[in-house]
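Hi,

Here is the structure I said I would pass on. Have a look at it first, and then read my notes underneath.

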Amino acid sequence: HETFALLEQVQGPSSWPTSAEPDTLSMAVLPDHHKPWHQPLRDRFPDICHEGAQSLLDAFFQTDKSGFQRYESERSRADKDLATSRLSVHLRLGTLSPNELYW
């Protein structure tokens, strides 16, 4: 391949730069009262884990009057229980795979 031939011609640096320990860098230190950046997400989605995703998936498909039965007519009504699956955050973060959802 041409790409490999080009890569073989590339020369690395004659010497690599030295590294610095993270503690020696002048980085910002947040005060103790600072709320962690992820806390609002954890508050809104407390079960961000595979088990939490499975629980939502089961509730959406296997409950009486399941959300799946109502999804076509009510999917734009996020104010109604089970009108949406609420799985998008799990799909986005990887706690539920699209393949698992499909099968």
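To get you started: which residues does histidine 90 touch, not counting residues up to four places away in sequence? Going along the chain, they are Asp47, Ile48, Cys49, Gly52, Ala53, Leu56, Thr95 and Leu96. Bear in mind that this is a predicted model, so please read everything below as computed from that prediction.

First, the overall picture. The chain has six helices and zero strands, so from the N terminus on you just read α-α-α-α-α-α. The chain is more spread out than a compact globule, because its radius of gyration is 24 Å, well over the 13 Å that the globule rule gives for 103 residues. If you want to picture the extent, the C-alpha trace spans about 70 × 55 × 25 Å along its principal axes.

Next, burial and surface. Buried residues make up 15% of the 103 residues. The chain exposes about 9400 Å², and carbon and sulfur atoms supply 54% of that area. As for contacts with a separation of 6 or more, 49% of them are accounted for by residues 24 or more positions apart.

On charge, you'll find 10 positive and 15 negative side chains. The centres of the two sets lie 14 Å apart.

Now back to histidine 90, along with a partner worth zooming in on. Histidine 90 sits in helix α5, and its relative accessible area is 3%, so it counts as buried. Threonine 95 is in the loop between α5 (88-93) and α6 (98-102). Is threonine 95 buried or exposed? With a relative accessibility of 17%, it counts as buried, because the cut-off for that is under 20%.

What links the two is a polar contact: the side chain of threonine 95 meets the side chain of histidine 90 at 2.6 Å. Leaving out residues up to four places away in sequence, threonine 95 touches Ile48, Cys49, His50, Ala53 and His90. Put that next to the list for histidine 90 and you'll see Ile48, Cys49 and Ala53 in both. On the other hand, His50 is on the list for threonine 95, while Asp47, Gly52 and Leu56 are among the residues that histidine 90 touches.

If you only have a minute, go to helix α5, find histidine 90, and then follow its side chain to the polar contact with the side chain of threonine 95.

Cheers

Conventions
Residues numbered from 1 in each chain as written. Predicted model: local features only at pLDDT ≥ 70, side-chain atom pairs only at ≥ 80, totals over all residues. Heavy atoms only, no water. Helix = DSSP H or I, 4+ residues; strand = E, 2+ residues; numbered from the N terminus. Rg over C-alpha atoms; globule rule 2.2 N^0.38 Å. Buried < 20%, exposed > 50% of the residue type's maximum accessible area, 1.4 Å probe, protein only. Contact = heavy atoms within 4.5 Å. Areas by Shrake-Rupley, 256 points an atom, 1.4 Å probe, with all protein chains shown as cover. Lys, Arg positive; Asp, Glu negative; His and termini not counted. Charge placed at Lys NZ, Arg CZ, Asp CG, Glu CD. Polar contact = N/O pair within 3.5 Å; in protein donor to acceptor, adjacent residues only side chain to side chain.
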